[in-house]
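This briefing is meant to be read beside the sequence and the coordinates. It moves from the chain as a whole to its nonpolar cores and then to single residues.

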Amino acid sequence: MTLNEYIEQHSSLESELLQTINHDTNLHVLNAHMLSGQVQGRLLALLSKMIQPKRIVELGTFTGYSALCLAEGLTSDGQLITIEHNDELEDMIRHNFHASAYEQQISLMIGDCKELIPTLPNDIDLVFMDADKREYCTYLDLIYTHVRAGGWVLADNTLWDRHVIDPAYDKDAQTLGLRAFNDQVAQDERFEKVILPIRDGLTIMRKIG
């Protein structure tokens with residue numbers, strides 16, 4: 001048994017719908033490894049339930065798995081806005097949302113995060129960043145004013161399969177983007193922050209003031 005298998009066996013299970021999305025994504029979608037999966041999905045759900053956000057924004061929907069995990073913590077009148085650049089995934093995303101109990105609380109936007117973030121409301125409680133790793137610094141700068149004081153930002157993949165500390169990836173654009181983001185966050189006094197070595201790295205930030 002691997003350590004990951006042990007962790008999975010001792011963590012809460014996915015819902016039947018999330019299991020289906022996991023299976024269908026792995027069966028039909030390229031780069032299925034981008035899906036959050038059971039353990040990280042349960043972490044996202046628990047964090048959302050602890051925060052009890054009224055407004056969540058997700059940057060990078062993929063097939064909708066992480067959005068549905070985050071939606072578990074929404075207040076009864078809450079809303080989750082999720083942005084996906086790949087319009088070829090739209091039908092699958094909408095199908096998955098339609099099958100959930102949160103369909104009426106989720107709004108899907110198809111387009112470029114850099115263009116759509118400025119159109120978002122200014123009372124965001126929780127942000128989950130999981131889009132183009134080369135643009136993480138830009139996303140954070142754009143989203144900052146939209147997050148309320150005391151609000152939370154989660155950034156996925158910030159250890160990037162250990163590539164952030166591997167000189168072999170010194171010319172890889174996504175690795176360089178994540179290194180720049182990690183360095184920026186480390187020096188950013190506007191946030192309390194910590195990187196969790198779960199899956200591919202998850203940075204948790206709390207906006208100060």
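To what does the accessible surface of the protein chain come, and what percentage of it belongs to carbon and sulfur atoms? In this predicted model, the accessible surface comes to about 10,700 Å², and 51% of that area belongs to carbon and sulfur atoms. The chain is built from eight helices and seven strands, and 50% of its 209 residues count as buried.

**Overall dimensions and contacts**

- For a chain of 209 residues, a compact globule would have a radius of gyration near 17 Å, and because the protein chain has 16 Å, the value agrees with that expectation.
- The C-alpha trace spans about 45 × 40 × 35 Å when it is laid along its principal axes.
- When contacts are restricted to residues at least 6 apart in sequence, 68% of them join residues at least 24 apart.
- The chain carries 17 positive and 32 negative charges, and the mean positions of these two sets are 6 Å apart.

**Nonpolar cores**

- In soluble globular proteins, nonpolar side chains tend to be buried together.
- The largest nonpolar core of this model has 31 residues, and the residues with the most contacts inside it are Leu70, Leu80, Phe97, Leu154 and Leu202.
- At least two residues of this core come from each of the helices α2 (16–28), α3 (37–51), α4 (65–71) and α5 (90–98), and likewise from each of the strands β3 (106–110), β4 (124–129) and β7 (202–207).
- The element that gives the most to this core is α4, with six residues.
- Another core, of 28 residues, lies apart from this one and includes Leu59, Leu140, Val147 and Phe181.

**Leu70 and Leu80 in the largest core**

- Leu70 belongs to helix α4, and it counts as buried because its relative accessibility is 0%.
- Beyond the residues up to four places away in sequence, Leu70 touches Leu44, Ser48, Ile56, Glu58, Leu80, Leu126 and Phe128.
- Between Leu70 and Thr20, which are 50 residues apart in sequence, the C-alpha to C-alpha separation is 17 Å.
- Leu80, with residues up to four places away in sequence again not counted, touches Ile56, Ala67, Leu70, Ala71, Leu74, Gln105, Ile106 and Ser107.
- Ile56 is thus among the residues touched by Leu70 and also among those touched by Leu80.

**Leu196 in strand β6**

- Leu196 lies in strand β6, which covers residues 191–196, and with 28% relative accessibility it counts as partly exposed.
- Its contacts, leaving aside neighbours within four places in sequence, are with Leu43, Leu159, Gly201, Leu202 and Ile204.
- One of these contacts, Leu159, is 37 residues from Leu196 in sequence, with 9.0 Å between the two C-alpha atoms.

**Residues with positive phi**

- Most residues other than glycine have a negative phi, and most peptide bonds are trans.
- Asn31 has a phi near 55°, a positive value in a residue other than glycine; it is found in the loop between α2 and α3, and at 46% relative accessibility it counts as partly exposed.
- Trp160 likewise has a positive phi, near 50°, although it is not glycine, and it lies in the loop between β5 (147–156) and α8 (173–187).
- The relative accessible area of Trp160 is 17%, so this residue counts as buried, the limit for that class being under 20%.

**Helix α2 and the loop that follows**

- Asn26 is placed in helix α2, where it is partly exposed with a relative accessible area of 49%.
- Asn26 and Asn4 are separated by 22 residues in sequence and by 18 Å in space, taken from C-alpha to C-alpha.
- Ser36 is placed in the loop between α2 and α3, and its relative accessible area of 5% makes it buried.
- With neighbours within four places in sequence left aside, Ser36 is in contact with Gly41, Leu44, Tyr65, Ser66 and Arg199.
- Leu44, which is in contact with Ser36, is also one of the residues that Leu70 touches.

Notes:
Residues numbered from 1 in each chain as written. Predicted model: local features only at pLDDT ≥ 70, side-chain atom pairs only at ≥ 80, totals over all residues. Heavy atoms only, no water. Helix = DSSP H or I, 4+ residues; strand = E, 2+ residues; numbered from the N terminus. Rg over C-alpha atoms; globule rule 2.2 N^0.38 Å. Buried < 20%, exposed > 50% of the residue type's maximum accessible area, 1.4 Å probe, protein only. Contact = heavy atoms within 4.5 Å. Areas by Shrake-Rupley, 256 points an atom, 1.4 Å probe, with all protein chains shown as cover. Lys, Arg positive; Asp, Glu negative; His and termini not counted. Charge placed at Lys NZ, Arg CZ, Asp CG, Glu CD. Core = buried A, V, L, I, M, F, W, Y, C linked by side-chain atoms within 4.5 Å.
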